[in-house]
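Me: I'm new to this one and would like to learn how to read it. Could you walk me through it, feature by feature?

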Amino acid sequence: MAAAAKLPKVPLGRQGLLVSAQGLGCMGMSDAYGDYNSDGAQAESLAVLDKALELGCTFLDTAEVYGPFTNEELVGQAIKGKRDEFEVATKFGFEIKNGTMTGFDSTPANVRKVCEDSLKRLNIDCIDLFYQHRVDPYTPIEDTFSELKALVEEGKIKYIGLSEANAGDIWKAHAIHPVTAYQLEWPLWTRDAEKEIIPTCRELGIGLVCYSPLGRGYLTGTIQKLEDISENDWRRGNPRFSAEALERNKAMVKTVKNIAEKKGCMPAQVALAWLQHQGSDVVPIPGTKRVKYLMDNVGAYFVKLSPKDMKEVDFQPEDIVGQRYGEEFMKNMTFHY
Ligand SMILES: NC(=O)c1ccc[n+]([C@@H]2O[C@H](COP(=O)([O-])OP(=O)(O)OC[C@H]3O[C@@H](n4cnc5c(N)ncnc54)[C@H](OP(=O)(O)O)[C@@H]3O)[C@@H](O)[C@H]2O)c1
């Protein structure tokens, strides 16, 4: 289904930020999934960013670590001359040496350095939303947020976000400077954040930005077996993409496909519509490097699910095979599901 109309703008958080009701995840244009480096892939990614503007999908999600660095550069290239038409979100929080992520770094000095470097790569003079990508276990979050507050006062960033922080850290950070948005993994096969994180954000008026809303592609039905993803694809090491999990989770995708068939829409649109139906404070950021997928994803905003549809895809942790991240990655989360 093609995108029917332009996306509206919605408030994110309580500090005045307005973003498109669905964002565009840009990570896969420079990292992690499938072929992104060829000239053809890069050209199509730029075409996706152009089309996104036409469809009102203006809330762009990138990070220092995607590439690293090259994704921010690509976004910078795409928004040149039209910066004011986009809401640009990026993230800091890692130590990166020789092009490799080697640990955490949310020390005030690094927060400032990443901000300055991201501004240059994006070729803009203010970041709309600057997230801490992961909490640094060695730097008190109060120190990180004091520096972020200074960057807001200096006009280098407008709003502050968190990703994967635990509830205690959300409260501590919010006490230093209001948190506008929290980025979390909340597709219909990852529900654990509903216990504590989402209620905490809602209590504090923090907007919910949902990453990997298509289950990293699996919920769309396009990935059915290991051979459907290339050998150097990051998902090959993710427990949800083991041969066993791909097979055993198929029943869930079948349910999603059945609903899509009934409605005459795409499975990806059912997965995104499920999130849009969770509340007006929820903004999914599906990632794609294909114009066709972008059009389907934007069209999902206009898909209505009935209470019966919602019940059918109300999957619980016991229905799902495989952790959302492997052990190594889980160690790097301060918020363990
Ligand atoms: N805060 C964090 O820690 C964190 C973690 C992960 C991601 N993120 C952000 O969230 C964004 C989205 O998450 P994600 O990219 O991990 O996962 P996702 O959006 O759930 O899925 C992306 C995958 O789905 C495919 N796809 C997209 N639209 C489709 C459609 N309509 N039909 C069929 N397949 C479709 C894409 O294919 P193609 O690539 O071929 O287009 C890609 O392989 C990222 O780009 C990134 O900005 C943040």
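**Around the ligand**

Reply: Happy to. Let's start with a polar contact: a side-chain N or O atom of aspartate 61 sits 2.6 Å from an oxygen atom of the ligand. Keep in mind that this is a predicted model.

Me: Which backbone atoms lie close to a ligand oxygen, say 2.8 Å away?

Reply: For that distance, look at glycine 287, where a backbone N or O atom lies 2.8 Å from an oxygen atom of the ligand. Glycine 217 also brings in a backbone N or O atom, at 3.4 Å from a ligand oxygen.

Me: How much of the ligand does the protein bury?

Reply: The idea is to take the ligand alone and then see what the protein covers. On its own the ligand exposes 910 Å², and 95% of that is buried by the protein.

Me: Which residues come nearest to the ligand?

Reply: There are 32 residues around the ligand, and the nearest are Tyr33, Asp61, Leu214, Thr288 and Arg290. Sorted by class, the shell holds 12 nonpolar, 12 polar and 8 charged residues. Helix α10, residues 291-299, gives the most to that shell, with 3 residues.

**Helices side by side**

Me: How do I read the packing of helix α3 against helix α4?

Reply: Look at the angle and the distance between the axes. For α3 (residues 108-122) and α4 (residues 141-153), the angle is about 35° and the axes are 8 Å apart. Their crossing is right-handed. On the α3 side the contact uses Pro108, Val111, Arg112 and Cys115, while α4 brings residues including Asp143, Leu148 and Leu151. By class, this contact has 6 nonpolar, 1 polar and 3 charged residues.

Me: And what does α4 do with α5?

Reply: Here α4 packs at about 35° to helix α5 (residues 167-176), with the axes 9 Å apart. This crossing is right-handed too. Ile141, Glu142, Phe145, Ser146 and Lys149 of α4 meet Asp169, Lys172, Ala173 and Ile176 of α5. That contact divides into 4 nonpolar, 1 polar and 4 charged residues.

**Backbone oddities**

Me: Where is the cis peptide bond?

Reply: Check omega along the backbone. The cis bond joins glycine 67 to proline 68, with omega about -5°. You'll find proline 68 in the loop between β4 (59-61) and α2 (70-79).

Me: What is the phi of phenylalanine 69?

Reply: It's positive, about 75°, although phenylalanine 69 is not a glycine. Phenylalanine 69 is in the loop between β4 and α2.

Definitions and conventions. Residues numbered from 1 in each chain as written. Predicted model: local features only at pLDDT ≥ 70, side-chain atom pairs only at ≥ 80, totals over all residues. Heavy atoms only, no water. Near = heavy atom within 4 Å. Polar contact = N/O pair within 3.5 Å; in protein donor to acceptor, adjacent residues only side chain to side chain. Areas by Shrake-Rupley, 256 points an atom, 1.4 Å probe, with all protein chains shown as cover. Helix = DSSP H or I, 4+ residues; strand = E, 2+ residues; numbered from the N terminus. Nonpolar A, V, L, I, M, F, W, Y, C, P; charged D, E, K, R; others polar. Axes fitted to C-alpha atoms, helices over the stretch in contact; angles between N-to-C directions. Left-handed = near helix turned anticlockwise from the far one by under 90°. Contact = heavy atoms within 4.5 Å.
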